[in-house]
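Reader: I have a new model open and would like to learn how to read its features. Could you walk me through them?

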Amino acid sequence: MLGFFKRKKEKHGPFVYLSEPTFLYHTRTEKAIVEIIGEKLNTDNILVPSKYGLRDTSDRIPKAEYLVAVAPLGKFTSLVGREVKIGQELGIKVFTLLIAREEDELVYLWVEGIPEEVEWLSPEETEEFMKTFLNREFMDYLKNALLFGSRRREW
């Protein structure tokens, strides 16, 4: 009943701007990403874009000490790429979190800077990547849900 009187939890540590593809919003992967950032940079002061819906939060990049860019399957979507470029122009230290799938497990690789092998997608390539990615995940979900009764979502 008194939930609206709740105080905001005080944030500790450097301010980190998280740049992630929208298809990772509100997933277990996003939760894992936030935990990894907290451990690696000793902070809970992280801007998680999904908390703002689809609103542009890039105006907060100049306030960040660090920018963490998420690259699923080694790709920066056009949005993530745009935010990384803003961070670089402002001289903000950038970290890349590469995410890959190894059989049924997700593997996270934390890298300082931006690895050369990361592919920067255009808006058109991003749209195609998202369709392919989401269709593959949806088909995996359907196969598991219908055949095995599992409602587990990997990403």
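Reader: Let's begin with strand pairing. How many bridges join β5 to β6?

Author: Happy to start there. In general, strands of a sheet pair through backbone hydrogen bonds, either parallel or antiparallel. Keep in mind that this is a predicted model. Here β5 and β6 run antiparallel, and eight bridges join them. To see one such position, look at F95, whose bridge partner in β6 is E112.

Reader: In which order do the strands of the open sheet lie?

Author: There are five strands, and the order is β2-β1-β3-β5-β6, with mixed pairing. At the edges sit β2 and β6, each of which pairs on one side only.

Reader: Which strands does α1 touch as it packs on the sheet?

Author: Helix α1 touches β1, β2, β3, β5 and β6, and its direction makes about 35° with that of β6. Helix α2, residues 78–89, also packs on the sheet, touching β1, β3 and β5. The direction of α2 makes about 155° with that of β3.

Reader: How far apart are the end C-alpha atoms of α1, and what span should its 14 residues give?

Author: A nice check to do by hand. At 1.5 Å a residue, the 14 residues of α1 (28–41) should span 20 Å, and the end C-alpha atoms are 20 Å apart, so the two agree. Just after α1, N42 takes a positive phi of about 50°.

Reader: Which residues of α1 are buried?

Author: They are T29, E30, A32, I33, I36, I37, G38 and L41. These buried residues pack against β1, β2, β3, β5 and β6.

Reader: Now the charged pairs. How many salt bridges are there?

Author: The distance to check runs from a side-chain nitrogen of Lys or Arg to a carboxyl oxygen of Asp or Glu, with a cut-off of 4 Å. By that rule the count is four. One of them joins D56 and R82, at 3.5 Å from N to O. Because D56 lies in the loop between β2 and β3 and R82 in α2, this pair ties together parts that are 26 residues apart in sequence.

Reader: What about E112, the residue you mentioned earlier: is its side chain in a salt bridge, and with which partner?

Author: E112 meets K93 in a salt bridge, at 3.0 Å from N to O. E112 is in β6 and K93 in β5, so the pair ties together parts 19 residues apart in sequence.

Reader: Are these two residues buried or exposed?

Author: E112 counts as exposed, at 54% relative accessibility, whereas K93 is partly exposed, with a relative accessible area of 37%.

Note on methods. Residues are numbered from 1 along each chain as its sequence is written. This is a predicted model: local features need pLDDT of at least 70, side-chain atom pairs count only at pLDDT 80 or more; totals for chains, interfaces and linings use all residues. Side-chain values use heavy atoms; hydrogens and water are left out. Helices (H or I, at least four residues) and strands (E, at least two) are DSSP runs, numbered from the N terminus. The expected span of a helix is 1.5 Å times one less than its number of residues. Buried means under 20% relative accessible area, exposed over 50%, partly exposed in between (1.4 Å probe, protein chains only). Contact means heavy atoms within 4.5 Å. Two strands pair if DSSP finds at least two bridges between them. Axes are lines fitted to C-alpha atoms, for helices over the stretch in contact, and angles run from 0 to 180 degrees between N-to-C directions.
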